[in-house]
Amino acid sequence: MSFERVTEQTSHYRHLEKMSVQEILSNINQEDTTVPQAVARALPQIEKLVAAIADKMLAGGRLFYLGAGTSGRLGIVDASECPPTFGVPHGLVIGLIAGGDAAIRKAVEFAEDDREQGWKDLQEFNVTEKDVVVGIAASGTTPYVIGALNKCRREGIVTGSICCNPGAPLSAEADFPIEVVVGPEFITGSTRMKSGTAQKLVLNMISTAVMIQLGRVEDNKMVNMQLSNDKLVDRGVKMLMEKLSLTDYEKAKELLLKAGSVRKAIEDYV
C-alpha cells in the first residue's frame with residue numbers, strides 16, 4: 001500500500017475565523033462523529049494486538065506505550081490509569097514520551113526527531129522479549145517511535161502501532177499495526193483532534209480488553225481497583241454489598257478496608 005499522509009490533507013472547512021461559535025462547535029462535532037466508524041473498521045487489527053499483548057502479559061511481560069506529543073501523552077494517560085482502575089502494579093503498563101517527563105506538560109522541541117532516543121528510553125526499563133512495545137504516532141512518521149520499534153523487532157520484541165495514515169512507515173515496523181484513518185482534521189494538520197480521539201478510543205480498548213483477559217474484572221465490576229479516595233471506597237462498599245447480599249453499609253466497609261480490595265474481601269468473606 002502506498003503511503004498517503006491523510007492527516008495533513010486540507011480541512012473540509014474554510015475560513016474558520018468567520019464561523020460563529022455555534023458553527024464551529026457543530027462542525028467539530030460533525031467531524032467527531034466519524035471517528036468511531038473509523039475505529040470500527042480497525043477492530044480486526046486491534047483484536048490481533050490485544051491477543052498478542054494478553055499472551056505476553058499472562059506470561060509475566062509488560063506493556064510499553066511509546067509516542068511523542070499528543071500521542072505520547074495519551075499513552076501515558078492510559079498507562080497511568082491501569083493501577084488505580086485494575087489494581088495492577090505500577091510498572092506493568094508503562095508510557096514513554098519523547099523528551100521525557102518534562103514533555104508531558106510542555107512541548108520539547110525536536111525531541112521526536114531523534115531516531116535513537118526511543119530505544120534508549122526503553123532500555124532504562126530493561127525491556128526484553130517478554131514485553132510488548134506499542135508505538136503511537138498519528139502521522140505514522142515520527143522518528144523517535146519508528147527507530148524504537150525497528151530496534152525492538154531486531155531484538156525479538158513484539159511490537160504494535162497505532163497511527164491514522166494508511167500504509168504509514170510506522171506500520172511497517174510493527175508486528176501488529178493498527179491504522180485508524182479518520183481523514184483530514186477540522187483545523188488542517190491538528191492531529192490532537194480526530195486523530196487524538198481515535199488513538200484514545202483504541203487505547204481504551206486495548207488496556208480494558210487486556211485487563212479483562214488478565215482476570216482484573218469480575219462481571220462488569222472493577223473488583224481490583226485501588227481504594228485511593230472516598231468515592232472509590234464507597235463504590236467498593238456498594239459492590240461488596242451487592243455481591244454478598246449485605247445490608248449493613250458499615251460492616252461492608254469494614255470488610256473492604258480490612259481486605260484492601262473488593263476481590264480480596266469477597267474471598268475472605270466466603
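The second largest pocket of this predicted model comes out at about 200 Å³ in volume. A total of 13 residues line this second largest pocket, and Ala107, Val108, Glu109, Phe110 and Glu112 are the ones that sit nearest its centre. Sorted by character, the lining of the second largest pocket splits into eight nonpolar residues, one polar residue and four charged ones.

Next comes the largest pocket, with a volume of about 320 Å³. Its lining is made up of 15 residues, and those closest to the centre are Ala68, Glu112, Ala138, Ser139 and Thr191. Which helix gives the largest share of this lining? That turns out to be helix α4 (residues 69-86), which supplies three residues. As for character, the lining of the largest pocket holds four nonpolar, seven polar and four charged residues. Glu112 is worth a second look: this residue is listed among those closest to the centre of the largest pocket, and it also turns up among those nearest the centre of the second largest pocket.

Now for the charged pairs. The structure has ten salt bridges, and one of them joins glutamate 218 to lysine 243, with 3.2 Å between the closest N and O atoms. This pair ties together distant parts of the chain: glutamate 218 lies in the loop between α9 (194-213) and α10 (230-244), while lysine 243 belongs to helix α10, 25 residues apart from its partner. Are the two partners buried or exposed? Glutamate 218 is partly exposed, at a relative accessible area of 23%, and lysine 243 is partly exposed too, at 47%.

Helix α10 also hosts a salt bridge between aspartate 234 and lysine 238. Here the N to O distance is 3.0 Å. The two residues are four apart in the helix, so about one helical turn separates them. Aspartate 234 is partly exposed, with a relative accessible area of 24%, and lysine 238 falls in that class as well, at 47%.

A similar story plays out in helix α12 (residues 262-269), where aspartate 268 and lysine 264 are four residues apart and therefore separated by about one helical turn. Their side chains meet in a salt bridge at 3.0 Å, N to O. Both partners count as partly exposed, aspartate 268 at 48% relative accessibility and lysine 264 at 37%. Salt bridges can also be chained together through shared partners, and in this way Glu218, Lys243 and Arg263 are joined into one network.

Note on methods: Residues numbered from 1 in each chain as written. Predicted model: local features only at pLDDT ≥ 70, side-chain atom pairs only at ≥ 80, totals over all residues. Heavy atoms only, no water. Salt bridge = Lys/Arg side-chain N within 4 Å of Asp/Glu carboxyl O. Buried < 20%, exposed > 50% of the residue type's maximum accessible area, 1.4 Å probe, protein only. 1 Å grid on protein atoms, 1.4 Å probe; cavity = no way out; pocket = protein on both sides within 12 Å on 5 of 7 lines; lining within 4 Å. Points joined across faces, edges and corners; volume = space filled by probe spheres on them. Nonpolar A, V, L, I, M, F, W, Y, C, P; charged D, E, K, R; others polar.
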